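Reader: I have a model open and want to learn how to read it. Walk me through a few features, please.

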Amino acid sequence: MFQLKNYINGELCTPDTGEYLDNYEPSTGKVYAQIPNSGQTDVQKAVAAAEKAFPAWSMMPVEKRSAILGKISALILENLDRLAAAESKDNGKPVWLAKQVDIPRAAKNFHFYATAILHFGSEANAMTNKAINYTLRDPLGVVACISPWNLPLYLFSWKIAPALAAGNCVVAKPSEVTPMTAYLLSELCIEAGLPAGVLNIVHGLGTHAGAAMTTHPKVKAVSFTGGTQTGATIAKLAAPMFKKLSLELGGKNPNIIFADCDYDKMLSTTLRSSFANQGQICLCGSRIFVERPIYEKFKKDFVQKAALLKVGDPKASDTKIGAVVSKPHQEKILSYIELAKEEGGTILLGGQQAKVGGECTEGYFVQPTIIEGLAHDCRTNQEEIFGPVVTIMPFDTEDEVLEYANSVRYGLSATVWTTNLNRATQFSQKLESGIVWVNCWLLRDLRTPFGGVKDSGVGREGGFEVLRFFTEPKNICIEY
Ligand code: NAD
């Protein structure tokens with residue numbers, strides 16, 4: 001059985017604990033690799049290596065740092081097919097999706113921050129005829145980056161690239177559910193000539209390796225993406241140690257469709273925003289509110305189109321919906337469908353485990369599921385399901401749908417469909433959400449701030465925002 005290794009101080013190594021965890025292939029339900037179940041001493045070694053590497057890395061001319069990150073980006077693209085196949089096998093997503101989205105985006109993350117850092121400046125504030133203030137932005141030192149399983153390499157690199165670009169050394173942990181591409185990244189970092197200790201990847205459980213990172217006294221900041229409950233646990237442990245925290249957490253995003261929308265574009269995009277990546281994108285719109293005059297038409301067309309989405313082997317090019325990430329996650333999704341029924345919902349489509357034959361017989365598949373007839377404030381509409389399950393609900397007025405949209409504890413993203421410009425601008429402003437997409441979905445410009453409000457998180461990633469997070473401002477005031 002293939003055993004992954006940790007990447008510490010520039011070398012691939014076995015965990016000090018000597019323990020391993022099984023790594024499952026979601027589409028077959030079989031164990032296909034083992035990952036280190038690292039503990040405190042592995043993390044201590046990683047932090048020590050990062051500390052040792054920090055002076056040289058942070059003092060390296062920024063052009064040189066940029067060139068190394070650019071090389072990592074190029075190597076990711078050179079290995080596109082291999083990485084996409086690995087991501088699909090590890091996560092259950094269709095290979096074509098990993099090839100079109102996940103892996104190119106991981107390369108782009110490195111490329112973007114390799115170049116962004118060349119343009120990152122800091123402020124100067126003159127006090128006329130008196131003094132000049134200038135603000136230095138120094139890297140923090142050793143920082144921790146912890147990521148989830150839904151977009152494994154995409155989100156892992158989204159944190160690591162800016163942290164490294166800003167001159168920090170990193171101790172990172174991918175999700176134990178999808179560790180493979182992070183492991184392959186460590187091989188590419190060695191090939192790219194990243195100096196030893198600058199990036200350290202420690203595999204294992206959140207409660208062991210993850211907790212050891214977030215509570216290590218030498219770790220100055222924690223950049224975390226994952227569930228809201230985990231974010232709260234990390235905040236509780238790290239905040240009293242005065243670590244900087246960036247928390248990108250769960251969502252329950254509204255998709256608000258007004259009758260005056262561009263209907264065809266809305267319909268095809270809503271299909272994606274509901275079911276892409278098996279609905280396991282934090283930005284998926286799982287609560288669909290439709291203005292009453294077009295509700296019945298939308299319901300018929302949406303169900304008809306969703307019924308054509310092929311659930312199948314992630315390796316097949318015509319598969320639209322692959323496996324969900326794990327058995328426990330499949331069970332969680334199915335339990336929410338049962339809850340929806342108990343709460344009085346009608347299943348318009350799906351509602352069950354999907355059966356895929358051949359070598360996928362034991363895989364974790366869920367049919368795309370559409371539910372109607374639920375109140376906006378029932379548990380199904382309030383709690384994050386994170387699977388191919390959406391609810392549809394009619395509305396009559398803007399005020400009413402605004403209340404529905406904002407009624408959840410989350411506030412990550414929202415989608416609004418309307419051709420009325422005044423409504424689009426005014427309504428978007430009132431949504432309690434870090435990101436609003438109008439007449440589009442998941443259209444990403446990496447320069448823009450990314451993150452949520454309420455229980456969807458604290459802080460923003462993306463653009464220069466994250467470079468500010470990964471640096472410490474120091475103001476120097478000189479009186480003439
Ligand atoms: P999770 O919170 O279970 O795990 C995320 C990561 O945290 C994993 O690497 C895990 O090992 C680690 N972890 C767990 N407990 C820890 C602890 N006590 N200390 C330190 N690390 C710990 O989340 P998940 O199930 O992997 O991912 C799904 C969740 O992520 C969903 O809620 C989804 O909405 C959210 N998500 C949010 C965004 C965003 O940008 N806001 C993006 C993707 C996913």
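Reader: How far does a backbone N or O atom of Ser 147 lie from an oxygen atom of the ligand?

Author: First, the ground rules. This is a predicted model, so local features need pLDDT of at least 70 and side-chain atom pairs count only at pLDDT 80 or more, while totals for chains, interfaces and linings use all residues. Numbering starts from 1 along each chain as its sequence is written, and side-chain values use heavy atoms, with hydrogens and water left out. A polar contact is a pair of N or O atoms within 3.5 Å; within protein, one must be able to donate a hydrogen and the other to accept it, and residues adjacent in sequence count only if both atoms are side-chain atoms. For Ser 147 the distance is 2.8 Å, from a backbone N or O atom to a ligand oxygen. Trp 149 uses a polar side-chain atom, 2.8 Å from an oxygen atom of the ligand. Thr 230 also uses a polar side-chain atom, at 2.6 Å from a ligand oxygen. The protein covers 88% of the 840 Å² of accessible area (Shrake-Rupley, 1.4 Å probe) that the ligand has on its own.

Reader: How many residues surround the ligand, and which are the closest?

Author: Count residues with a heavy atom within 4 Å of the molecule. There are 28, and the closest are Lys 173, Glu 176, Thr 230, Leu 249 and Glu 384.

Reader: What span should helix α2 have?

Author: Helices are DSSP runs (H or I, at least four residues), and strands are E runs of at least two, numbered from the N terminus. The expected span is 1.5 Å times one less than the number of residues. Helix α2 has 17 residues, 62-78, so 24 Å is expected; its end C-alpha atoms are 24 Å apart, which agrees.

Reader: Which residues of α2 are buried?

Author: Buried means under 20% relative accessible area, exposed over 50%, partly exposed in between (1.4 Å probe, protein chains only). An α-helix has 3.6 residues a turn, so residues three or four places apart point the same way. In α2, the buried residues are Arg 65, Ser 66, Ile 68, Leu 69, Ile 72, Ser 73, Leu 75 and Ile 76. They pack against α1, α3, α4, α5 and α6.

Reader: Why does Cys 145 form no bond with Cys 169?

Author: A disulfide is a covalent bond between the sulfur atoms of two cysteines. The cut-off is a sulfur pair within 2.5 Å. The sulfur of Cys 145 is 11 Å from its closest cysteine sulfur, in Cys 169, so it is too far for a bond. Searching the whole structure finds zero disulfides. Cys 145 is buried at 1% relative accessibility, while Cys 477 is partly exposed at 47%.

Notes
Contact = heavy atoms within 4.5 Å.
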